[in-house]
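Visitor: I would like to be walked through this structure slowly, and for each label I hear I would like to know what earns it. Could we look at it together?

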Amino acid sequence: MYQIYYVLSATVSYLITAVQFLMFARAILSWLPIDEDNPIVNFLYAVTEPVIMPVRAVIERFGWFEGMPIDMSFFFTFILISLLQTFAFLD
């Protein structure tokens, strides 16, 4: 039973790390003058947007951080994923 838990927790941990890496890549590419039709940009948005969208919906619903020049939902999603990875997989 312990091996199944280990395999599942390691897999989820690796997936979370991959999402964090892709979010970081998306953030870096957003600062560069790259065409939005670029396949890499499209891939990054397709993979990371479903993770960010629920947090963005909550922030927009309550009207938090209106008029901010940066996407706070991206920041909060990254923090939430980091906390999930830290606390969900403690042995």
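Guide: Let us begin with a pair of charged side chains, keeping in mind that this is a predicted model: R56 and E49 meet in a salt bridge, with 2.2 Å from N to O.

Visitor: Why is the contact of R56 and E49 called a salt bridge?

Guide: The label asks for a side-chain nitrogen of Lys or Arg within 4 Å of a carboxyl oxygen of Asp or Glu. The N to O distance for R56 and E49 is 2.2 Å, and because the cut-off is 4 Å, the pair earns the name. As a general point, side chains of opposite charge can pair when their charged atoms come close.

Visitor: How many salt bridges does this rule give, and which other residues form one with E49 or with R56?

Guide: The count comes to three salt bridges. E49 forms one with R26, where the closest N and O atoms are 3.0 Å apart, and this pair links distant parts of the chain, since E49 sits in helix 2 and R26 in helix 1, 23 residues apart. D71 forms one with R56, with the closest N and O atoms 2.6 Å apart; D71 lies in the loop between helix 2 and helix 3 while R56 lies in helix 2, so this pair ties together parts that are 15 residues apart in sequence.

Visitor: What makes these residues a network?

Guide: R26, E49, R56 and D71 are linked by salt bridges: E49 pairs with R26, E49 also meets R56, and R56 in turn pairs with D71.

Visitor: How do you know whether R26 and D71 are buried or exposed?

Guide: R26 has a relative accessible area of 8%, and because buried means under 20%, R26 counts as buried. D71 stands at 35% relative accessibility, which lies between the 20% and 50% limits, so D71 is called partly exposed.

Visitor: What makes up the largest nonpolar core?

Guide: It consists of seven residues, namely I16, V19, M23, A27, I52, F74 and I81. Helix 1, residues 2-30, and helix 3, residues 72-88, are the elements that give two or more residues to this core, and the largest share, four residues, comes from helix 1. There is also a second, separate core of five residues, including L22, A25, L29 and V41.

Visitor: How do you know that L22 is buried?

Guide: The relative accessible area of L22 is 18%, and because the limit for buried is under 20%, L22 falls within it. L22 is found in helix 1, and its C-alpha lies 7.8 Å from that of V47, although the two are 25 residues apart in sequence.

Visitor: Which residues form the nonpolar patch on the surface, and what makes F62 exposed?

Guide: The patch is formed by V58, F62, W64, F65, M68 and I70, which together have about 610 Å² of accessible area. F62, which lies in helix 2, residues 39-62, has a relative accessible area of 51%; because exposed means over 50%, F62 meets the limit. F65 is found in the loop between helix 2 and helix 3, and at 37% relative accessibility F65 counts as partly exposed. F65 also has a positive phi of about 60°, although F65 is not a glycine.

Visitor: Why is the protein chain called more spread out than a compact globule?

Guide: The protein chain has three helices and zero strands, in the pattern α-α-α along the sequence. Its radius of gyration is 16 Å, whereas the globule rule gives 12 Å for 91 residues, and because 16 Å is well over that value, the chain is described as more spread out than a compact globule. The C-alpha atoms fill a box of roughly 50 × 35 × 15 Å along the principal axes, and 27% of the 91 residues count as buried.

Visitor: How confident is the predictor in the protein chain, and where is confidence lowest and highest?

Guide: The protein chain averages a pLDDT of 89, and 97% of the residues score at least 70. Confidence is lowest in helix 3, at a mean of 89, and highest in helix 2, at 94.

How values were computed. Residues numbered from 1 in each chain as written. Predicted model: local features only at pLDDT ≥ 70, side-chain atom pairs only at ≥ 80, totals over all residues. Heavy atoms only, no water. Core = buried A, V, L, I, M, F, W, Y, C linked by side-chain atoms within 4.5 Å. Buried < 20%, exposed > 50% of the residue type's maximum accessible area, 1.4 Å probe, protein only. Patch = residues over 30% accessible without salt bridge, like charges linked within 9 Å, V, L, I, M, F, W, Y side chains within 5 Å. Areas by Shrake-Rupley, 256 points an atom, 1.4 Å probe, with all protein chains shown as cover. pLDDT = per-residue confidence, 0-100. Rg over C-alpha atoms; globule rule 2.2 N^0.38 Å.
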